[in-house]
Amino acid sequence: MTDNKAESQHRKAAVLGSPIAHSLSPVLHRAAYAELGLADWTYDRFEVDEAALPGFMEKLGPAWAGLSLTMPLKRAVIPLLDEITPTASSVEAVNTVVLTADGRRLGDNTDIPGMIAALRERGVRQVERASVLGAGATASSALAALSRICTGEVTAYVRSEARAAEMRGWGERLGVAVRTAPWEDAAEAFAAPLTVATTPAGTTDALAAAVPDRPGTLFDVLYEPWPTALAGAWADRGGAVVGGLDLLVHQAVLQVEQMTGRAPAPLAAMRRAGEAALAAR
């Protein structure tokens with residue numbers, strides 16, 4: 001808990017990245033501040049690329065409480081920090097920086113526990129096997145989350161042998177048994193009790209027709225456009241769907257708690273704000 005004096009002081013936080021204009025983070029964090037009564041806290045967005053990041057961070061004064069980071073900064077920020085958590089180190093990616101009163105910069109990754117929390121909210125606590133569609137940065141975070149809830153093999157469906165090698169390497173590092181398969185066989189992913197789609201918008205649209213009659217759980221990390229063709233077909237067939245907004249809200253909840261020292265953060269209010277913002281676009 002922060003004391004009343006700290007709460008009455010103007011504190012600042014922001015999300016950085018490039019591009020950043022469509023980020024929902026300000027909506028979520030501001031909703032949390034309003035619910036928590038932190039009237040003197042502000043949260044903004046700044047267009048910052050890798051080249052500009054060191055200069056931006058050098059100018060941060062004592063009013064700054066923390067930063068949220070999106071691409072392409074999650075790895076670039078690591079040399080600028082005093083310490084990172086084991087979770088962030090496991091995937092070499094930081095999406096949260098907490099700025100302490102003594103001037104230290106602490107890095108964490110809330111995407112991984114955010115994924116686990118979003119799945120748990122829908123009743124998925126453990127699975128015997130899982131599939132991952134894609135092999136980018138989000139896929140490595142998905143593997144890190146699956147390392148904690150999947151007791152068996154994870155099959156990653158990828159477009160190239162280079163990507164396949166990367167995913168097998170992440171599996172070895174994270175302690176996950178990873179098997180790779182070509183993207184042409186991606187429809188086979190849906191036989192697993194949990195499928196995590198980590199690909200850009202439109203990539204999985206052609207797979208919507210392959211959703212089985214009794215699917216398990218789909219975690220589609222996209223939130224705009226929503227629902228994706230795959231998520232819509234999945235829900236139509238009675239499968240459980242976890243979406244990108246669920247992930248975004250759960251990881252933001254953890255950021256708010258770390259930056260403000262207030263827990264629990266108001267999950268429901270943050271989700272409502274996110275849903276309203278997306279509906280207005």
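Here are some worked exercises on the predicted model above.

Some ground rules before we dig in: residues count from 1 along each chain as its sequence is written, and side-chain values use heavy atoms, with hydrogens and water left out. Since this is a predicted model, local features need pLDDT of at least 70 and side-chain atom pairs count only at pLDDT 80 or more, while totals for chains, interfaces and linings use all residues.

**Exercise 1: the whole chain**

Work out how the radius of gyration of the protein chain stands against the globule rule.

Solution.
- Start with the parts list: the protein chain has ten helices and twelve strands. Both are DSSP runs numbered from the N terminus, with helices being H or I over at least four residues and strands being E over at least two.
- Next, the rule: take 2.2 Å times the number of residues to the power 0.38, and compare it with the radius of gyration over C-alpha atoms.
- For 281 residues the rule gives 19 Å and the chain comes out at 19 Å, so it is as compact as a globular protein of that length.
- Along the principal axes, the C-alpha atoms fill a box of roughly 55 × 35 × 30 Å.
- Of the 281 residues, 52% count as buried. The cut-offs are under 20% relative accessible area for buried, over 50% for exposed, and partly exposed in between (1.4 Å probe, protein chains only).
- As for contacts (heavy atoms within 4.5 Å), take those between residues at least 6 apart in sequence: 64% of them join residues at least 24 apart.

**Exercise 2: a helix pair**

Describe how α6 and α7 pack, and say which residues make the contact.

Solution.
- Check α6 itself: its 13 residues should span 18 Å at 1.5 Å a residue, and the end C-alpha atoms sit 19 Å apart, which agrees. That expected span is 1.5 Å times one less than the number of residues.
- Now the geometry: α6 (residues 137-149) and α7 (residues 161-174) meet at an angle of about 35°, with axes 10 Å apart. Axes here are lines fitted to C-alpha atoms over the stretch in contact, and angles run from 0 to 180 degrees between N-to-C directions.
- On the α6 side, Ala139, Ser140, Leu143, Ala144 and Ser147 do the touching, and α7 brings Met167, Trp170, Gly171 and Leu174.
- Sort those residues and you get six nonpolar, three polar and no charged. The bins are Ala, Val, Leu, Ile, Met, Phe, Trp, Tyr, Cys and Pro as nonpolar, Asp, Glu, Lys and Arg as charged, and the others, Gly among them, as polar.
- Buried residues of α6 include Ala139, Ser140, Leu143 and Ala144.

**Exercise 3: a covered helix**

Find out how many residues of α5 are buried, and what covers them.

Solution.
- Helix α5 (residues 111-121) is mostly covered, with eight of its eleven residues buried.
- By name, they are Asp111, Ile112, Gly114, Met115, Ile116, Ala117, Ala118 and Leu119.
- The cover includes α4 (86-91), α6, β10, β11 (217-220), β12 (240-242) and α9 (244-260).
- Just after α5 comes Gly123, with a positive phi near 90°.

**Exercise 4: two threonines**

Decide whether Thr195 and Thr199 are buried or exposed, and list their contacts beyond four places in sequence.

Solution.
- Thr195 belongs to strand β10 (residues 194-197), and it is buried because its relative accessible area is 0%.
- Its partners are Ser131, Leu133, Ala189, Phe190, Thr217, Leu218, Phe219 and Trp234.
- Thr199 sits in the loop between β10 and β11, and at 10% relative accessible area it is buried too.
- Thr199 touches Leu133, Gly134, Trp183, Thr204 and Leu222.

**Exercise 5: backbone oddities**

Spot which peptide bonds are cis at Pro225 and Pro264, and what sign phi has at Glu92.

Solution.
- Recall the background: most residues other than glycine have a negative phi, and most peptide bonds are trans.
- Glu224 and Pro225 are joined by a cis peptide bond, omega about 0°; Pro225 is in the loop between β11 and α8 (229-236).
- The bond from Ala263 to Pro264 is cis as well, with omega near 0°, and Pro264 lies in the loop between α9 and α10.
- Glu92 has a positive phi near 50°. Its place is the loop between α4 and β5 (96-99), where Glu92 is partly exposed at 31% relative accessible area.
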